[in-house]
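Let's take a walk through this fold together, from the overall layout down to a few side chains. Keep the viewer open as you read.

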Amino acid sequence: MSFLLNLFRSRTKHADITICGLDDAGKTTILKFLETGEFVETTPTMGVNRETLHLPNLQINVFDLAGQEDFRNMWHNINEKSDGIVFVIDRSNIMRFDEAKDVFEQTIHAQLDQDLIILILLNKSDESDVIEKSLFIEEFKLLDLPFKWAVFETSAKTGEGIFNAFKWFVDEFV
Ligand code: G3D
Ligand code: MG
């Protein structure tokens, strides 16, 4: 049984979560880690930026937000259907921080539900040259966010931080 489903089963009846972030941030790898408990190689999804995983008491929607000119269809989906958002960032890719920040701000500012829970994953923590968590919090202006949020340092390669991150997340909507 999936790692994440186990965590949810013992605590919640049903939840819809949305995992979003730029392409290549590690969203699918994190999802696979949650399903299997180990690192699984992924292939980039060509032309499609959406995946949905239906589990008995959990639905997970995954969106690649890079290059999305019109976010509105997604916001509808996120706002209406999600109990929480997981935003994944490749903390080793300094070249794409500005893009990630723009997309993060657009994602956050479109939220209507003040009770939304936001889990931010600084992924690829196993890489050697990564942005510091404190600098990230400052750069992405997290202290100004009107939502409940937390940042965890993760690696979908080694599994570092993943359980603790999702445990925090799940516990927030018990
Ligand atoms: P996406 O679903 O957000 O688009 P993927 O991203 O999950 O497809 O991952 C993109 C690439 O990043 C994959 O490598 C994957 O193995 C790698 N990756 C994901 N998470 C981590 C991590 O925590 N650490 C490191 N070092 N790499 C990670 P490839 O080589 O297949 O493109
Ligand atoms: Mg993917």
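Helices and strands here are DSSP runs, with at least four residues for a helix and at least two for a strand, numbered from the N terminus. In that numbering, Asp16 sits in strand β1. Keep in mind that what you have on screen is a predicted model. We'll come back to Asp16 after a look at the whole chain.

The protein chain has 6 helices and 6 strands, and going along the sequence they come in the order α-β-α-β-β-α-β-α-β-α-β-α. For 174 residues, a compact globule should have a radius of gyration near 16 Å, and the 15 Å found for the protein chain agrees with that. Along the principal axes, its C-alpha atoms fill a box of roughly 40 × 35 × 35 Å. Among contacts with a separation of 6 or more, 75% are between residues 24 or more positions apart. As for burial, 51% of the 174 residues count as buried. The accessible surface is about 8900 Å², with carbon and sulfur atoms contributing 47% of it.

Now for the inside. In soluble globular proteins, nonpolar side chains tend to be buried together. Here, the largest nonpolar core has 30 residues, and Leu4, Ile60, Phe166 and Phe169 have the most contacts inside it. At least two residues of this core come from each of α1 (3-9), β1 (15-21), α2 (27-36), β3 (58-64), β4 (84-90), β5 (117-123) and α6 (162-172). Which helix gives the most to this core? That's α6, with 6 residues. There is also a second, separate core of 29 residues, with Ile118, Ile131, Ile137 and Phe140 among its members.

Helix α6 deserves a closer look. Its buried residues are Ile162, Ala165, Phe166, Trp168, Phe169 and Val170. An α-helix has 3.6 residues a turn, so residues three or four places apart point the same way. The cover over the buried residues of α6 includes α1, β1, α2, β4, β5 and β6 (148-153). Take Phe169: leaving aside residues up to four places away in sequence, Phe169 touches Ile17, Gly84, Ile85, Val86, Ile117 and Leu119.

Aromatic rings add another layer, with 7 aromatic pairs in the count. One of these is a tilted pair between Phe152 and Trp168, 6.3 Å centre to centre with 45 degrees between the planes. This pair connects distant parts of the chain, since Phe152 is in strand β6 and Trp168 is in helix α6, 16 residues apart. Trp168 has a relative accessible area of 19%, so it counts as buried. Elsewhere, ring pairs tie Phe87, Phe104, Phe136 and Phe140 into a cluster.

Just past the helix, in the segment after α6, you'll find Phe173. Is Phe173 buried or exposed? Its relative accessible area is 18%, so Phe173 is buried. Setting aside residues up to four places away in sequence, Phe173 touches Phe8, Thr12, Ala15, Ile17, Asp83 and Ile117. The C-alpha atoms of Phe173 and Gly84 are 8.4 Å apart, although 89 residues separate them along the chain.

That brings us back to Asp16. With 14% relative accessibility, Asp16 counts as buried, because the cut-off is under 20%. The side chains of Asp16 and His14 are joined by a polar contact of 3.0 Å. Not counting residues up to four places away in sequence, Asp16 touches Gln59, Lys81, Ser82, Asp83 and Gly84.

Key: Residues numbered from 1 in each chain as written. Chains lettered and ligands numbered in written order. Predicted model: local features only at pLDDT ≥ 70, side-chain atom pairs only at ≥ 80, totals over all residues. Heavy atoms only, no water. Core = buried A, V, L, I, M, F, W, Y, C linked by side-chain atoms within 4.5 Å. Buried < 20%, exposed > 50% of the residue type's maximum accessible area, 1.4 Å probe, protein only. Contact = heavy atoms within 4.5 Å. Polar contact = N/O pair within 3.5 Å; in protein donor to acceptor, adjacent residues only side chain to side chain. Rg over C-alpha atoms; globule rule 2.2 N^0.38 Å. Areas by Shrake-Rupley, 256 points an atom, 1.4 Å probe, with all protein chains shown as cover. Phe/Tyr/Trp six-rings, centres within 6.5 Å; stacked < 30°, edge-to-face > 60°.
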